[in-house]
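Here's a quick briefing to read with the model open. We'll begin inside the fold and work outwards to where the chains meet.

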Amino acid sequence: MEWIQQLVNGVSLGSIYALIALGYTMVYGIIKLINFAHGDVFMLGAFIGFYAIARWDMHFIPALILAMILCAVIGVIIERVAYKRLRNATRIAALITAIGVSLLIEYTVIFFRGASPEAYPTVIENSKIEILGAQISVQAIIILVISLVLMLLLQFIVHQTKIGKAMRAVSHDADAARLMGINVDNTISATFAIGSALAGAAGVIFGIYYTRIEPLMGVLPGLKAFVAAVLGGIGIIPGAMVGGLLLGVVETVVSALGYSLWRDAAAFVILILILILRPAGIFGKNAREKV
Amino acid sequence: MKHSKMKKFASIFLATSVLAGMLAGCGASEEGGSSSGGSGSSDGDTIKIGANLELSGGVASYGSSINDGAKLAIDEINKNGGINGKKIEYIAVDNKSDNAEAVTAGIRLAEQEKVVAMLGPATSGNATATVQTANQFKVPMVTASGTAETVTVDKDGKVNDYAFRTCFIDPFQGIVAANFATEELKAKNVAIYMDSTSDYAKGLAASFKKQIEENGGKVVKEEAYVTDDVDFKSTLTNIKSENPDFVFIPGYYEEVGLIVKQARELGIDAPLMGADGWDSPTLVELAGPDALNNTFITNHYSSGDPDPKIQDFVSAFEAEYSKQPNAFHALGYDTVYFLKDAIERAGDKVTGETVQKALAETKDLSLITGTFTVDKNHNPVKSATVLEFVDGNQEFKSKVNP
C-alpha cells in the first residue's frame, strides 16, 4: 500500500513544519512580527540536542527537554535584546532586524564549529511495523506522538492557564490588556519562550528523523514553516498545525507523483496562491483593517 | 568534483578582472617586463612544484588528503636524491574550495612562485576554473581527482593543452558499475536515483544507463534529487514500488548517507551502488554501518588490495600519518610520481613547456592507483576498483580494467 506509506512520510514531515510554524504564528499573533530568526532557533535546538546526546551521553527525552529549555532562554534573549526596543518602530525595521538576527545566529555557529554537517546518533532503535502493507518505522510513530503531545500541551497552555489568557488578551489588544493590569512585556517574553521551545523540540526531532544537521539547516524549513503559518492563517494557532501538516502532505504528494524536483517550488506556489486568493489563510476571518 | 554553473561564471568573471588588473599593472611596474607567458623554470638547485588545493571550505577533506599523499611522495623522492639530482620544493596554496580562489591560487603559483608544474584542485569545478590560468601561463596542471570530462577537454572537444589528471573520468565509473551490476550481481531491473544539480552525477547516470541497456538490463525507474535535500522518503517509496533488484545512486556522501539510511528504513533491501563521491567517513556516520551493508562503490584504489606495491604504500603512509590512506591520499601520492616521471624525461631545460610535452607522452607508468598511459585527451587509461561496505568498512571486491 504505497499511498499509506506516502501519507506517513507526509505527516512526519508536516508535523515538523507544524511545530516550527506554531512559533511563527504565536509571535506574529502577539507583536505582528515575522520572526525570521525562528528557523535558526530550530537549528540551535538541533545542535543542543546533538551535543546532549552525543557528547554528554544524555537520553533522548532529557536531551529534548534540555534543548527546549535552552531554546526558550535563547528566544527570550533575542526578544529582549533585538526586538523589544523596536516595539514602536515601523514593522519593516523590526523585519530587517529579524533577518539580521537570523544571519548573526547562523554565522556565529559557523564561526565556532565550522560549517561541516554532523550526523545525529541513533537514539531510537529503528524497527519497523507493517500496517496494511506499509513499512512504518517506530521512529516515525514516536516522533508523531511527541509532536501531538506538544501541540496538545500548547492548546492547554493557551486556553486553560493564566499566562495563556494573558497571551490571548495581549494579541487581541495590547493597550487594553495593559490597562487591565496585564504585564505585556512578560507576556510577550513568555510567547517567545514557548514558541522557541517548540522550535527547539522540532530541531531535535528533525535531527533524529533525518540524521544530518548543519548550521544553515534552519533556512529552508523556516521558510516552509512560514508558508505553513500563512496557509493556516497567520496568528491562528490551530491554523499553523493544519497548515504544517497540509504542507508536508502536499510536498510528499508532489514527490510521489514523480515531480520531486518541484517539491520546494510547490511550497512557494502555495504561498503565492494563498496570498492572492485568500490572504487571511484557511482559518482566517477577513477582518477589516482599522484606519 | 563539485560543479556549479553560477560559481563557474562568477569565477571566470573574477579571473578575467584579476588578469586585466594584473596586465594593466604590468606597464607601470618595474618588474612587469617578463610577464607574458611567464612560465617557471628550474635554474636553481631545486625544482618547484606547486599545489592548488582545497585545504579549507566545503570539500576540505578531499584537498587535505591529496596534500598529505603528495607530501609523503615528495619526502620519499627528496630522500632518494630528488629528480635528476635536484630536490623538489613543494608550495601548497589553499583555494578555500572556491572557484574564484582557485584561479587566484593558480595565478599566484605560476606568476610569483614560478613553479614548473602544479597539482590542480581536487574537484572538477575548481579544476575547470583553473584550466585557463594553466594554459595562459603555460604551466601544466594535474588534478588528482577532478573526474569530469570537461577538465581536460573544453566544450568544443578541443584538448586543454596544460590540463592533465591522475584519476579516471566519470563515464568510465558508470560503465564499471553497470558491468558489475549485470555480471556479478545478475541485476535485471535497475533504478537510478541521481543528484540532478551535479554534472558529476548526471555524467555517471548517463553512462551507467547506456551500458546497462547494452548489457540487456532494464531501467525501471529514474528519479532525481537536489543537493542539500534531507527528505528522500517519498521518492524512495516510489522507487520501491517498482521493485528494482539494483539501485544506482551517483552523488556525494552528504546526501547519499541519508538516502541509504532512508531506503533501508522503507524496506528497500536491494544492493545500492555509487561511485567515488561516496568515499568519506561521513557516509558511514550518516547512514550507519548496518544500512550500508550490501552497498558497493567504484573507486580509484583500495587499501585492502593485495598488490605488494599498494601494501608498501599503505605501510609507508601509516608510518607517517598513523591512519589508513584513502583514495585521495593515493591519488595525491600518484600525482607527484606522475610529475616526477615527466620531469625526468623533460630534458635539460625543465620548464612548463617541456614538462607538458613529457606528461602528454607518459606511457605504461606503474603507480599505486593502476598502470596508465595518457591518451590523446590527457586522460589516463587505467583500472577501477569495486569495493563493498561490510559493517562500515570498505572491503576490496574486484578490479576492473578498461
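B:Val247 is a good place to start in this predicted model. Leaving aside residues up to four places away in sequence, B:Val247 touches B:Val190, B:Ala191, B:Tyr193, B:Ile239, B:Ile268, B:Ala270 and B:Leu272.

**The core**
- B:Val247 belongs to the largest nonpolar core, a set of 215 residues, and along with A:Ala67 and A:Ala201 it touches the most other members.
- Helix H8 of chain A (residues 184-210) puts in the largest share of this core, at 16 residues.
- On the chain B side, at least three residues come from each of domain 1 (5-17 + 37-168 + 310-383) and domain 2 (170-299).

**Where the chains meet**
- Chain B brings 23 residues into contact with 21 residues of chain A.
- Strand S7 (218-225) and helices H7 (233-241), H8 (253-265) and H9 (281-287) of chain B each give two or more residues to the side that touches chain A.
- H7(B) supplies the largest share of that side, six residues.
- By type, the chain B side splits into seven nonpolar, nine polar and seven charged residues.

**Helix H5 of chain B**
- H5(B) runs over residues 170-184, 15 residues in total, and reaches 21 Å from its first C-alpha to its last, close to the 21 Å expected.
- Plenty to look at inside: the buried residues of H5(B) include B:Phe172, B:Ile175, B:Val176 and B:Phe180.
- After the helix comes B:Lys186, with a positive phi near 55°.

Terms used:
Residues numbered from 1 in each chain as written. Chains lettered and ligands numbered in written order. Predicted model: local features only at pLDDT ≥ 70, side-chain atom pairs only at ≥ 80, totals over all residues. Helix = DSSP H or I, 4+ residues; strand = E, 2+ residues; numbered from the N terminus. Expected span 1.5 Å × (residues − 1). Buried ≥ 20, exposed ≤ 12 C-beta atoms within 10 Å, placed from the backbone. Core = buried A, V, L, I, M, F, W, Y, C linked by C-beta atoms within 7 Å. Domains from an automatic or database assignment. Contact = placed C-beta atoms within 7 Å. Nonpolar A, V, L, I, M, F, W, Y, C, P; charged D, E, K, R; others polar.
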